[in-house]
Amino acid sequence: MPEGPDLLPRLGAFARLLHDAGLEAGPRRLTDATRALVYIDLKQQIDFRNALRSVFVSRKEDLPTFEAAFDIFWAPPDPRAAAGVLPGRSRALPMSPERAKAWAIALGLSSSQMNREQEPTAVPISSSGYSAEELLRHKDFEQMTWQETEQVRRLLEQAPWRVAERKTRRLRAARAGRIDLRRSARHAIRSSGELMRLFHRRPRIRRRPLVLICDVSGSMERYSRLLMIFSHAIARREDVEAFVFSTRLTRITRLLRYRDLDRCLESVSKGVHDFSGGTRIGEALADFNRHWARRVLGHGAVVIIVSDGWDRGDPARLTAELIHLRRSAHRLIWLNPLLGSEGYQPLTRGMAAALPHVDDFLAAHNLKALEDLGRLLAGLGTRAGSR
Amino acid sequence: MTVGTPTTIEEVEARLRERKYIGDRGLATSIFLALKLEKPLFIEGEAGVGKTEAAKVMADVLGARLIRLQCYEGIDLAHAVYEWNYPRQLLHIRLMGEGEDRRVAEREIFSSEFLLRRPLLDAIDNDDPIPPVLLIDEIDRSDEEFEAFLLELLSDFQVSIPEIGTIKAKRAPFVVITSNRTREVHDALKRRCLYHWIDYPDLEKEVEIVRARAPEAADGLAREVAGLVQGLRSMDLYKVPGVAETLDWARSLAALGATRIDSNLVDATLGSALKYQEDLERVREQIPALVEKARGA
């Protein structure tokens with residue numbers, strides 16, 4: 001446990017460790033932590049931990065990282081932890097191997113204690129027996145020629161991505177609409193209480209949030225890279241939530257924020273572990289419905305699923321999840337790259353199950369198709385339930 | 001019951017418990033530090049884990065008034081901070097004689113007498129002997145504009161009203177902000193706050209909560225209902241039940257005169273715990289197994 005004179009420098013080092021692991025641990029929080037510890041009995045490790053957590057964490061997602069960092073930094077070495085069997089605690093910190101190594105040296109630990117994420121054994125083995133298909137390899141994005149990428153990117157970025165708007169409940173001044181009592185009265189007071197002129201307000205219009213759920217499984221391999229470029233181009237607008245799936249669902253919204261496409265592609269490729277694995281669309285959508293829908297489908301969102309429908313999961317499951325998803329979305333669009341190819345019939349089990357439950361079923365095999373999508377998005381009405 | 005500012009974490013814990021709020025030590029620590037550092041406390045957690053309740057109980061602990069601002073989409077300053085009472089102002093000005101000075105009149109009608117005070121202004125400007133507890137509930141329902149305004153308000157606890165001037169809190173209120181995470185609240189706002197994530201309680205704690213808050217349920221029933229809910233939470237459902245549902249369920253069963261659970265009773269009252277038709281259907285098939293497990297818990 002921390003001792004008096006040693007405490008502040010160690011606290012600073014702990015903040016740096018958190019920072020390197022991706023938490024926001026700037027000077028303000030460090031100051032708060034220092035202030036907080038004045039009121040805490042440092043001999044009570046649990047209170048010490050709780051206090052630091054309450055200062056340095058502000059997202060649920062960051063809790064495991066904080067606990068792991070705390071264990072590594074403050075906890076006395078525990079042989080069980082080193083063996084990875086400490087119940088309920090994961091010691092993996094999301095850090096590059098070089099960083100983890102530097103920290104391991106600084107803290108006098110072996111590097112495997114710092115960062116188990118690099119070991120393939122840390123990957124959860126799915127119980128369904130389908131794990132053999134979950135090919136946990138990092139997909140090399142270098143296959144498309146640089147020139148092609150540049151062309152596609154330029155065209156996509158020039159395309160005017162405008163998603164339809166919706167009325168919000170916030171009002172703004174307008175020429176016509178509901179009477180704005182506040183401004184009208186204001187004006188009247190200036191003219192001795194006579195309501196000389198009426199001002200109006202109208203709901204503000206905002207663009208609808210867009211949610212992309214892209215299939216990056218093996219059968220979609222040829223399209224994955226293009227899809228990422230497409231997602232990146234749209235994500236330059238504010239309100240895009242993006243997910244990719246093959247056997248499981250990964251949120252890539254934050255990764256798409258990189259302005260530089262190459263850096264973005266690299267981080268997505270690193271962050272997504274099952275690129276080009278098998279597909280289980282139903283499970284991925286179930287995961288989305290349970291863990292993300294309530295968080296990202298507010299405010300009349302438009303949901304776009306991009307997949308060829310080659311599903312190895314249970315079609316009944318897929319149907320059930322689509323029905324649920326459609327109910328919570330303003331519009332549910334399915335893009336299928338195969339739809340463009342000659343003589344294609346949506347006969348795969350997955351696609352046949354999905355078709356009756358989506359609002360639009362469109363191609364996505366070339367730029368022309370993506371432009372058609374753009375027109376559809378722009379044309380969705382402002383009213384709720386314009387389905 | 002003891003009232004006043006607690007001086008230790010243990011005291012926070014004890015006072016919450018005294019008021020039948022069974023929280024964990026982490027929450028007590030966050031509350032204690034928020035009081036000491038005079039920082040807002042940001043509480044997140046799934047629906048029905050007792051976020052709002054924590055603020056209410058804290059008002060009682062401190063002997064302070066609870067001021068609640070329920071957020072919704074489109075909430076603006078006129079609803080959250082202040083609004084001029086325009087009809088009264090207009091009336092006042094119409095009733096004034098011809099010769100009176102207009103500037104004097106304007107000063108009159110833009111005085112606090114004509115001000116409609118909304119929760120945030122009330123929290124900052126009041127004569128309460130003990131600073132109030134300000135609960136900003138479900139901030140995730142408001143929009144970014146409102147968040148930006150709150151950021152300003154929470155950093156120095158002052159509001160400016162152009163016609164009157166800047167009003168600053170004599171003593172900062174104890175602020176509790178809750179969110180259900182239907183959207184990500186901006187980091188800048190969270191950075192100003194201490195944070196606590198309320199998790200679902202484990203079995204023992206949930207039994208304790210049911211005993212404290214639904215005393216009409218017999219001891220055995222409390223344990224079995226808590227066990228059932230724990231079972232439901234491990235299932236693949238669209239919406240798993242929160243603690244609020246556990247309490248509703250325990251009360252419904254107690255109202256039916258039950259002292260133990262059985263498959264028929266659970267079937268009849270399942271609606272207290274589950275709110276989606278798909279979830280109800282899925283669970284109905286498995287009631288006997290769930291009941292058996294809960295009775296063994």
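Among contacts in chain A between residues at least 6 apart in sequence, what percentage join residues at least 24 apart? The figure is 71%, where two residues are in contact if their C-beta atoms, placed from the backbone, lie within 7 Å.

Before you start clicking, note that this is a predicted model, in which local features need pLDDT of at least 70 and side-chain atom pairs count only at pLDDT 80 or more, while totals for chains, interfaces and linings use all residues. Residues are numbered from 1 along each chain as its sequence is written, and chains are lettered from A and ligands numbered from 1 in the order in which they are written.

**Stop 1: chain A**

Select chain A and switch to a cartoon view. You will find 16 helices and 9 strands; helices (H or I, at least four residues) and strands (E, at least two) are DSSP runs, numbered from the N terminus. Chain A has 387 residues, and 36% of them are buried. A residue is buried if 20 or more other C-beta atoms lie within 10 Å of its own, exposed if 12 or fewer, and partly exposed in between, with C-beta atoms placed from the backbone.

**Stop 2: a three-stranded sheet in chain A**

Now select residues 165–174 and 200–207 of chain A, which are strands β1 and β3. Add residues 178–179 for strand β2. Together these 3 strands make an open antiparallel sheet in the order β1-β3-β2. Two strands pair if DSSP finds at least two bridges between them. On the edges sit β1 and β2 of chain A, each pairing on one side only.

Follow the pairing along β3(A). Its antiparallel link to β1(A) has 7 bridges, and there Ala174(A) stands opposite His200(A). The antiparallel pairing of β2(A) with β3(A) runs over 2 bridges. Here Arg178(A) faces Arg201(A), and Ile179(A) has His200(A) as its bridge partner. While you have the side chains on, keep in mind that in a regular strand they alternate between the two faces of the sheet.

**Stop 3: chain B as a whole**

Move on to chain B, which has 15 helices and 9 strands. Its C-alpha atoms fill a box of roughly 85 × 45 × 35 Å, taken along the principal axes. Of its 297 residues, 42% count as buried. Among contacts in chain B between residues at least 6 apart in sequence, 77% join residues at least 24 apart.

Try colouring chain B by domain: domain 1 is 9–80 + 118–198, domain 2 is 82–115 and domain 3 is 203–296. These bounds come from an automatic or database domain assignment. The centres of domain 2 and domain 3 of chain B, taken over C-alpha atoms, are separated by 59 Å.

**Stop 4: the parallel sheet of chain B**

Which strands build this sheet, and in what order? Select β2, β5, β8, β1 and β9 of chain B: these 5 strands form an open parallel sheet in the order β2-β5-β8-β1-β9. The edge strands, each pairing on one side only, are β2 (66–70) and β9 of chain B. From one strand to the next, the twist averages 20 degrees, with axes as lines fitted to C-alpha atoms, for helices over the stretch in contact, and angles running from 0 to 180 degrees between N-to-C directions.

Zoom in on β1(B) and β9(B), which run parallel and are joined by 5 bridges. One pair to label is Ile43(B) with its bridge partner in β9(B), His196(B).

**Stop 5: helix α3 of chain B**

Select residues 51–62 of chain B. At 1.5 Å a residue, the 12 residues of this helix should span 16 Å, and its end C-alpha atoms are 17 Å apart, which agrees; the expected span is 1.5 Å times one less than the number of residues. Is α3(B) mostly covered or mostly uncovered? It is mostly covered, with 9 of its 12 residues buried, among them Lys51(B), Glu53(B), Met58(B) and Leu62(B). After α3(B) comes Gly63(B), whose phi is positive, near 70 degrees.

**Stop 6: where the chains meet**

Show both chains. Here 33 residues of chain B are in contact with 32 residues of chain A. On the chain B side, α2 (25–37), β1 (41–45), α5 (86–94), α9 (187–191) and β9 (194–198) each supply at least two residues. The largest share, 7 residues, comes from α2(B).

Finish at Ile9(B), in helix α1 (residues 9–18) of chain B. Ile9(B) counts as buried because it has 24 C-beta neighbours inside 10 Å. Leaving aside neighbours within four places in sequence, Ile9(B) is in contact with Asp47(A), Arg25(B), Ala28(B), Thr29(B) and Phe32(B).
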